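Got your viewer open and a selection box ready? Let's take a walk through this model, one stop at a time.

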Amino acid sequence: MAESEKAAEILEKPHLTEEQAGQLVERLYGLKVKSLKPLDSYDDLNFYVKVDGPVPWLHGYTLKVMNGTDSKNKDLIEAQNEMMTFLADRGFPVPRIVPNLQGRDMSLEQLLKKDNGSYSHNIVRLLTYLPGTTYHNVSVTHHLAYEAGAFLARIHEALRDFSHPALHRPEFVWSLKCLPSLENYLHCLKENHHKEINREIIQAFREKVLPCMDDLPQGAMHGDFNDLNVLVEEDPVTPGEYRVCGLLDYGDAIVNPYVFDLAIALMYFMSVVKDPITFGGHLVAGFESVRALTSAEWDVLYYCVVARASQSYVLGHYTASIHPQNTEYLMVTAGSVWKFIDMWWGTPKEEIYQQWRDIQKSI
């Protein structure tokens, strides 16, 4: 399958009405649904479920119906389940898998497609719902950036002891290793200037990052540590300040260099603030308060950050072009990321790093 065809298939979301979703919860899990509402999702179908009667988890549940493509890879879903369980058992605030009536972590269900009367086969899971609000919805501060960086580093330190063969995903289109494949999607960009800048970024990644892969510490990682997947809550000790209280969505979990995960976090968090470089400096300082970056990681981080921005921008436009009904959600990030690319790619690497070193000295 061509990369473009693969990306198109990934975004074919399952179809399920709220009533059908409620029936699924009751049939598979024996829970009486009190209320149910859809949640935003890139290519899966998610619902927030509250149930009646005595239940072991008071905050409710997330019903997750996987897209048809990922549902064909049971081993990958098992790896994601095991990663969540691994982190939860070590005290991290992540969702837990709820076994169904058969005692299984998931089931493959046949669902009627919306348009043509045919069926899709989709993996269905129920997860504990985590309270809190997304990082995206609060007024971000340097303190919260620092906390997010430290939290990500602690996740990495824990995951050094976790592995699963299914997390080796050499052809995963959202892996930074696959950045050169972006050239297949540049045709969806309308402005030639944007195409040329993205070609420059792809070439720089080829030259500066890919030859260094063996020098970069790597292992299993979350793969999508962004402002919509990180939950925060108000700090009870410091009113008006927030702290990280949850990490959602393990669909991009992968074995890759850890610096890729940091770059992903930096790009998403920096692209939604007014002073991105300063903000990024506090996030990196938080990360290094737990684990110092190696010299090889510092060498490539600048290029990895802009590579993820390019990936988000190009794939966001591509998927919106083939799934216009999802344009509003798909373009949440892509719509604001070009400004970030323009700023970052126009600022010398050493200038950014010097600002970050000054921030670390001042903390």
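Start by selecting V98 and showing what surrounds this residue. Leaving aside neighbours within four places in sequence, V98 is in contact with Y29, Y61, R104, L126, L127 and T128, where contact means heavy atoms within 4.5 Å. V98 sits in the loop between α3 and β4 (107-112). Helices (H or I, at least four residues) and strands (E, at least two) are DSSP runs, numbered from the N terminus. V98 has a relative accessible area of 16%, so this residue is buried; buried means under 20% relative accessible area, exposed over 50%, and partly exposed in between (1.4 Å probe, protein chains only). Now add L216, which is 118 residues away along the chain: the two C-alpha atoms are 36 Å apart.

A quick note before moving on: this is a predicted model, where local features need pLDDT of at least 70 and side-chain atom pairs count only at pLDDT 80 or more, while totals for chains, interfaces and linings use all residues. Residues are numbered from 1 along each chain as its sequence is written, and side-chain values use heavy atoms, with hydrogens and water left out.

**Helix α3**

Next, select residues 74-89, which is helix α3. At 1.5 Å a residue, the 16 residues of α3 should span 22 Å, and the end C-alpha atoms are 22 Å apart, which agrees. The expected span is 1.5 Å times one less than the number of residues in the helix. Which residues of α3 are buried? Colour L76, I77, A79, Q80, N81, M83, M84, F86, L87 and A88 to see them. Among the elements that cover these buried residues are β5 (119-128), α4 (142-159) and β7 (218-221). Just after α3, click on G91, which takes a positive phi of about 90°.

**A three-stranded sheet**

Now show β6 (residues 133-134), β8 (residues 230-234) and β9 (242-247). These strands form an open sheet in the order β6-β8-β9, with antiparallel pairing. The edge strands are β6 and β9, each pairing on one side only. Two strands pair if DSSP finds at least two bridges between them. Two bridges join β6 to β8, and five join β8 to β9. Select V232 for a look at both sides: V232 is the bridge partner of T133, and in β9 the bridge partner of V232 is V244. Then try V230, which stands opposite L247 in β9.

**Two loop stops**

From β9, carry on into the loop between β9 and β10 (254-257), where D249 has its place. The phi of D249 is near 60°, a positive value in a residue other than glycine. Is D249 buried or partly exposed? At 32% relative accessibility, D249 counts as partly exposed.

The other loop lies between β6 and α4, and V140 is the residue to pick there. V140 counts as partly exposed, with 29% relative accessibility. Not counting residues up to four places away in sequence, V140 touches Y135, V273 and F279. Draw a distance from V140 to E241, 101 residues away along the chain, and you get 8.9 Å between the C-alpha atoms.

**Two more helices**

Select residues 258-270 to bring up α6, a helix of 13 residues. From first C-alpha to last, α6 reaches 18 Å, close to the 18 Å expected at 1.5 Å a residue. How many residues of α6 are buried? The count is 13 of 13.

Over in helix α5 (residues 192-208), pick Q203. At 34% relative accessibility, Q203 counts as partly exposed. The C-alpha atoms of Q203 and L179, 24 residues apart along the chain, are separated by 9.5 Å.

**Last stop: a cavity**

A search of the whole structure finds two cavities of 30 Å³ or more. On a 1 Å grid over the protein atoms alone, a cavity is a set of points where a 1.4 Å probe fits but cannot get out, and lining residues have an atom within 4 Å of a point. Grid points are joined across faces, edges and corners, and a volume is the space filled by probe spheres set on the points. The second largest cavity holds about 40 Å³ of space. To frame this cavity, select F172, W174, S175, L176, M221, G223, D252, I254, N256, I264 and R308, which line it.

Note on methods: On a 1 Å grid over the protein atoms alone, a cavity is a set of points where a 1.4 Å probe fits but cannot get out, and a pocket is an open set with protein on both sides within 12 Å along at least five of seven lines; lining residues have an atom within 4 Å of a point.
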